[in-house]
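Welcome to a short set of exercises on reading a protein model. Take a look at what is shown here, then try each task before you read its solution.

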Amino acid sequence: MSSEQEIFDKCGRTYNPNDVIFHEGDLGNEMFIIQSGKVKISKQLKDGVEKTLVILGPGDFFGEMAVIDKDVRSANAVALDASRLIALDEEVFEMHMQTNPKIVKKILKNLTSRLRESNQQIANLMIKDSNRLVANTILLVVHKHGEEGANGITMDIPFTVAELSKMCGLDSPKTQEIVDKLIKAKVVRLSGETIVVTSLDNLEKFIKFLEMKEQFGE
Ligand code: CMP
């Protein structure tokens with residue numbers, strides 16, 4: 001079997017932080033597997049607001065949709081840090097799909113968990129109260145990307161107010177205003193520009209409180 005380096009020499013690509021891999025609407029006939037680094041998948045909403053769909057890391061793949069349904073790219077892909085990707089063109093992808101049931105299973109498993117996450121995000125975005133939307137989005141990020149440390153929970157992705165606002169589909173000033181409330185309530189703190197969750201317990205209580213307020217009024 002080929003080593004990672006051999007595969008990379010054949011079909012590898014390197015990207016620098018913030019490099020665009022492709023734009024939503026582009027034609028595309030290859031999919032990518034992340035060898036190292038992080039890639040953000042996002043969509044442009046109306047009024048120029050960008051919505052982050054997911055941040056992917058090593059072992060994850062993306063760009064398979066345009067290859068499978070021969071349509072245009074359904075979202076933007078941008079490298080978040082120095083990244084090494086393996087690009088598989090349509091022919092190689094089809095060959096693997098026909099000869100390797102393990103790959104087919106991995107793709108199906110991945111698409112299934114993506115669908116679950118999308119359902120979760122739809123439920124999240126239905127939240128009308130912006131305070132609860134922001135707090136609940138932080139909770140989802142903690143569950144997927146949180147790493148508990150001595151000084152609180154940090155995320156394994158860039159987690160600034162600007163990133164959080166893209167996840168919520170809100171503008172940055174509004175998100176900042178809510179993060180300030182969460183800082184006051186001792187739910188989060190800022191380490192430089194990065195949001196750190198200081199108390200998961202307080203975050204869950206904050207969300208419960210807002211749910212009760214919505215249910216029973218002021
Ligand atoms: P493609 O449409 O070719 O280009 C954009 C890629 O982003 C898409 O393939 C998927 O690989 C990925 N993608 C699109 N929507 C989502 C989503 N909701 N969650 C995770 N990844 C997605």
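Four exercises with worked solutions follow, and the model they use is a predicted one.

**Exercise 1. The whole chain**

Find out how many helices and strands the protein chain has, and what share of its residues is buried.

Solution. Begin with the secondary structure: the chain has eight helices and 12 strands. Next, turn to burial: of the 218 residues, 40% are buried. Then picture the outline: along the principal axes, the C-alpha atoms fill a box of roughly 60 × 35 × 30 Å. Finally, look at the surface: the chain exposes about 12,700 Å², and carbon and sulfur atoms supply 55% of that area.

**Exercise 2. Two residues with positive phi**

Locate Asn 18 and Lys 186, and decide whether Asn 18 is buried or exposed.

Solution. Start with a rule of thumb: most residues other than glycine have a negative phi. Now check Asn 18, whose phi is positive, near 75°. Asn 18 sits in the loop that links strand 1 (12–15) and strand 2 (20–22). Its relative accessibility is 59%, so Asn 18 counts as exposed, because the cut-off for exposed is over 50%.

Do the same for Lys 186, where phi is positive too, near 60°. Lys 186 belongs to the loop between helix 7 (172–184) and strand 11 (188–191). With a relative accessible area of 60%, Lys 186 is exposed.

**Exercise 3. The largest pocket**

Which residues lie closest to the centre of the largest pocket, and which elements each supply at least two residues of its lining?

Solution. First, the size: the largest pocket holds about 840 Å³ of space. Second, the lining: 22 residues line this pocket, and the closest to its centre are Ile 7, Ile 33, Leu 88, His 96 and Ile 103. Third, the elements: at least two lining residues each come from helix 1 (4–11), strand 3 (30–36), strand 8 (83–89), helix 3 (90–99) and helix 4 (101–125).

**Exercise 4. One lysine in a helix**

Describe the surroundings of Lys 106: which residues does it touch, leaving out those up to four places away in sequence?

Solution. Place the residue first: Lys 106 is part of helix 4. Then judge its exposure: the relative accessible area of Lys 106 is 47%, so it is partly exposed. Now list its contacts: apart from residues up to four places away in sequence, Lys 106 touches Gly 59 and Phe 61. Last, try a distance: Glu 148 is 42 residues from Lys 106 along the chain, and their C-alpha atoms are separated by 29 Å.

Note on methods: Residues are numbered from 1 along each chain as its sequence is written. This is a predicted model: local features need pLDDT of at least 70, side-chain atom pairs count only at pLDDT 80 or more; totals for chains, interfaces and linings use all residues. Side-chain values use heavy atoms; hydrogens and water are left out. Helices (H or I, at least four residues) and strands (E, at least two) are DSSP runs, numbered from the N terminus. Buried means under 20% relative accessible area, exposed over 50%, partly exposed in between (1.4 Å probe, protein chains only). Accessible areas come from the Shrake-Rupley method with a 1.4 Å probe; for residues, only the protein chains shown count as cover. On a 1 Å grid over the protein atoms alone, a cavity is a set of points where a 1.4 Å probe fits but cannot get out, and a pocket is an open set with protein on both sides within 12 Å along at least five of seven lines; lining residues have an atom within 4 Å of a point. Grid points are joined across faces, edges and corners, and a volume is the space filled by probe spheres set on the points. Contact means heavy atoms within 4.5 Å.
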